Amino acid sequence: MEDPDFWNDVERSGQVMKEVKGLKSTIASFREMETAFSDIETLIEMAEEEGDDELISEAGEELGRFKEKFDAFRIETLLSGEFDSYDATVKVNAGTGGTEACDWTSMVYRMYTRWAESHGFTVTLLDELEGDEAGLKTVTFQVSGYHAYGYLKSEHGTHRLVRISPFNANGKRQTSFCAVEVVPVIDDAINIEIADEDIRIDTYRASGAGGQHINKTSSAIRITHFPSGIVVQCQNERSQHQNKDQAMKMLKSKLYQLEREKQAAQLSGIKGEMMENGFGAHIRSYFLQPYTLVKDSRTGCEMGDAYKVLDGYLDPFMSAYLVWLSTGGNQD
């Protein structure tokens, strides 16, 4: 008879192998920097001895590139949280702003997919609901890769967009919001008991963008957890069984995160939950008019090229957040 814990062991070993691979990559990066630094030292010595302006200029350029790599490596050392090495499930919900907010939600989804691609991470779409006119009301996806959650936890909160709305005939400036929820993908090594009577599992027909590719069978899964009020959905796996397994993982991750937030709230006296998805509750603002600027209200980090940020250049904000956390900032 097959060991009932076999698949749990397989999943745990998969996480261990991922961490081993990540650690090997970290060691390789360190050794590469050691070599690069030694080469720069040699180049500087040669430039000083020969008084060669071109060599001096080349040494300066190499030093600049080395600093960028070193800063990135330093940030990795801050990814030491319990689940920082895990994959992440990200859910983006449209907030205040109607159609504009739905369009903003789709822009944020694109921003994270571009960021993930630039880091060699994979993105798996789990569930989406289109807006009535444009964009997305909600989208849930998984980002897989070493330290995916460690980086993306900086994005948990409400994001504000200010721009001239393309959906406003009068060309007025409009503010819209979306809420980003980030949780680690918890494997079965974390024992979370979910009683059958505490959940309801509904099936429905999955559909693709624009209502196309409608399944003839009800393969999509929605799980409602009565005690917490948490609802998770998954429709993008190939079978109902796979969608159910993925949805249960999402539910366990959210329940574990909820319990951690409750404990943190009791210890610090703060409320460990998502802030209101509207005015006065945002963690980051993206201005496209009358000027371009992205500013994080927690760390003070800002960039003038908002379009570059929306194209996935989130590293400065994630790095600033990790430094902020390491110096006593509160993680919501």
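**A walk outward from Glu155**

With a relative accessibility of 0%, Glu155 counts as buried. That is a good place to start a tour of this predicted model. Glu155 sits in the loop between helix 4 (148-152) and strand 4. What does Glu155 touch, once residues up to four places away in sequence are set aside? The list is Tyr112, Val180, Val182, Ile283, Arg284, Leu314 and Met318. Take Val180 from that list: Glu155 and Val180 are 25 residues apart in sequence, yet their C-alpha atoms are 6.6 Å apart in space. Tyr112 deserves a look as well, since the side chains of Glu155 and Tyr112 make a polar contact at 2.8 Å.

Glu155 also has charged partners. Together with Arg284, Asp296 and Arg298, Glu155 belongs to a network of salt bridges. If you follow this network in the viewer, notice that Arg284 is also among the residues that Glu155 touches.

Now let us widen the view to the other charged pairs. How many salt bridges does the model hold? The count comes to 13. One of them joins Glu100 and Arg163, with the closest N and O atoms 2.4 Å apart. This pair links distant parts of the chain, as Glu100 is in helix 3 (residues 98-118) and Arg163 is in strand 4 (residues 157-164), 63 residues apart. Are these two residues buried or exposed? Both Glu100 and Arg163 are buried.

Helix 3 takes part in another charged pair, through Arg114. The side chains of Arg114 and Asp311 meet in a salt bridge, 3.1 Å from N to O. Asp311 lies in the loop between helix 6 (306-310) and helix 7 (315-326), while Arg114 is in helix 3, so this salt bridge ties together parts that are 197 residues apart in sequence. Asp311 has a relative accessible area of 33%, so it is partly exposed. Arg114 is partly exposed too, at 31%. A further salt bridge, between the side chains of Asp202 and Arg200, has an N to O distance of 3.1 Å. Asp202 is partly exposed, with 21% relative accessibility; the cut-off matters here, because buried means under 20%. Arg200, at 40%, is partly exposed as well.

Next comes the nonpolar interior. In soluble globular proteins, nonpolar side chains tend to be buried together. Here the largest nonpolar core has 57 residues, and those with the most contacts inside it are Leu152 and Leu251. Which element gives the largest share of this core? The answer is helix 3, with eight residues. Leu152 touches Ala88, Val90, Tyr112, Trp115, Val143, Val182 and Met318, leaving aside residues up to four places away in sequence. Some of those names are familiar from the start of the tour: Tyr112, Val182 and Met318 are also touched by Glu155.

The rings tell their own story. The structure holds nine aromatic pairs. In one of them, Phe37 and Phe66 have ring centres 5.5 Å apart and planes at 40°, so the pair is tilted. Phe37 is in helix 1 (residues 6-50) and Phe66 in helix 2 (residues 53-76), so to speak of chain position, the pair links distant parts that are 29 residues apart. The two rings do not share a burial class: Phe37 is partly exposed at 38% relative accessibility, whereas Phe66 is buried, with a relative accessible area of 14%. Trp115, a contact of Leu152, forms an edge-to-face pair with Tyr151, with 6.2 Å between centres and 65° between planes. Trp115 lies in helix 3 and Tyr151 in helix 4, so the pair ties together parts that are 36 residues apart in sequence. Trp115 and Tyr151 are both buried. Elsewhere, ring pairs link Phe83, Tyr86 and Tyr256 into a cluster.

Finally, a word on cysteines. A disulfide is a covalent bond between the sulfur atoms of two cysteines. How many disulfides are there in this model? The count comes to zero. Cys178 is buried, with a relative accessible area of 0%, and Cys301 is buried at 15%.

Conventions. Residues numbered from 1 in each chain as written. Predicted model: local features only at pLDDT ≥ 70, side-chain atom pairs only at ≥ 80, totals over all residues. Heavy atoms only, no water. Disulfide = S-S within 2.5 Å. Buried < 20%, exposed > 50% of the residue type's maximum accessible area, 1.4 Å probe, protein only. Salt bridge = Lys/Arg side-chain N within 4 Å of Asp/Glu carboxyl O. Helix = DSSP H or I, 4+ residues; strand = E, 2+ residues; numbered from the N terminus. Contact = heavy atoms within 4.5 Å. Polar contact = N/O pair within 3.5 Å; in protein donor to acceptor, adjacent residues only side chain to side chain. Core = buried A, V, L, I, M, F, W, Y, C linked by side-chain atoms within 4.5 Å. Phe/Tyr/Trp six-rings, centres within 6.5 Å; stacked < 30°, edge-to-face > 60°.
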